[in-house]
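Please open the model in a viewer and keep the selection tool at hand. The tour begins with an enclosed space and then turns to the nonpolar core.

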Amino acid sequence: MHSGCTFNHRYVKSNPMEVENATWMLTVFHCFGQYFCLHFEAFQLGTAPVYMAFLRFMGDEREARNYSYSLEVGGNGRKLTFEGSPRSIRDSHKKVRDSHDGLIIYRNMALFFSGGDRKELKLRVTGRIWKEQQNPEGGVCMPNLCS
């Protein structure tokens with residue numbers, strides 16, 4: 001388990017051509033007195049092998065909407081960023097994955113980010129979680145960043 005609202009994870013796979021054995025990792029975070037799960041997995045999206053990272057909130061959907069998160073992956077002078085609200089843990093893993101509601105990295109791009117001879121996957125996924133607050137004057141959400 002990880003405490004804090006920012007994170008920096010490395011995902012290393014010695015044979016990135018094996019996507020069929022859906023590899024996935026779970027990391028649990030404690031942030032703002034709540035628990036979140038970061039998922040990272042490999043699967044086929046049609047005929048394309050992809051990696052996907054997404055965050056789930058350990059609570060119901062209504063509570064999950066009080067939070068937002070961002071994920072970033074990159075290398076070789078490029079980066080991909082995803083920002084959204086975490087899904088409730090009550091939504092099945094398959095439902096979240098199949099909705100493509102997260103950071104999706106095609107294998108070729110992931111290998112480009114990894115550098116080197118493209119025979120080993122080395123991804124660094126960074127991110128942060130923040131709590132949305134209502135502005136009493138206009139009802140607009142403003143991020144309350146974690147320090």
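A cavity is a set of grid points where a 1.4 Å probe fits but cannot get out, and its lining residues have an atom within 4 Å of a point. The model on display is predicted.

**First stop: the cavity**

One cavity of 30 Å³ or more is counted, and the space in the largest cavity is about 70 Å³. To see its wall, select His9, Arg10, Tyr11, Met25, Thr27, Leu38, Phe40 and Val125. By character, this lining comprises five nonpolar residues, two polar and one charged.

Next, colour strand 2 (6-13), strand 3 (24-31) and strand 4 (34-45), each of which supplies at least two residues of the lining. Which strand gives the most to the lining of the largest cavity? Strand 2 does, with three residues.

**Second stop: the nonpolar core**

Now move to the largest nonpolar core, a set of 34 residues. Within this core, select Phe36, Tyr51, Leu71, Ile105 and Leu123, the residues with the most contacts inside it. At least two core residues come from each of strand 2, strand 3, strand 4, strand 5 (48-57), strand 6 (67-75), strand 9 (103-106), helix 3 (107-114) and strand 10 (121-134). Strand 5 should be highlighted here, as the element that gives the most to this core, with seven residues.

**Third stop: Ile105**

Finally, centre the view on Ile105 and display its surroundings. Beyond its neighbours within four places in sequence, Ile105 is in contact with Val50, Tyr51, Val73, Leu80, Ala110, Phe113 and Leu123. Of these partners, Tyr51 and Leu123 were already selected among the core residues with the most contacts.

Key:
Residues numbered from 1 in each chain as written. Predicted model: local features only at pLDDT ≥ 70, side-chain atom pairs only at ≥ 80, totals over all residues. Heavy atoms only, no water. 1 Å grid on protein atoms, 1.4 Å probe; cavity = no way out; pocket = protein on both sides within 12 Å on 5 of 7 lines; lining within 4 Å. Points joined across faces, edges and corners; volume = space filled by probe spheres on them. Helix = DSSP H or I, 4+ residues; strand = E, 2+ residues; numbered from the N terminus. Nonpolar A, V, L, I, M, F, W, Y, C, P; charged D, E, K, R; others polar. Core = buried A, V, L, I, M, F, W, Y, C linked by side-chain atoms within 4.5 Å. Buried < 20%, exposed > 50% of the residue type's maximum accessible area, 1.4 Å probe, protein only. Contact = heavy atoms within 4.5 Å.
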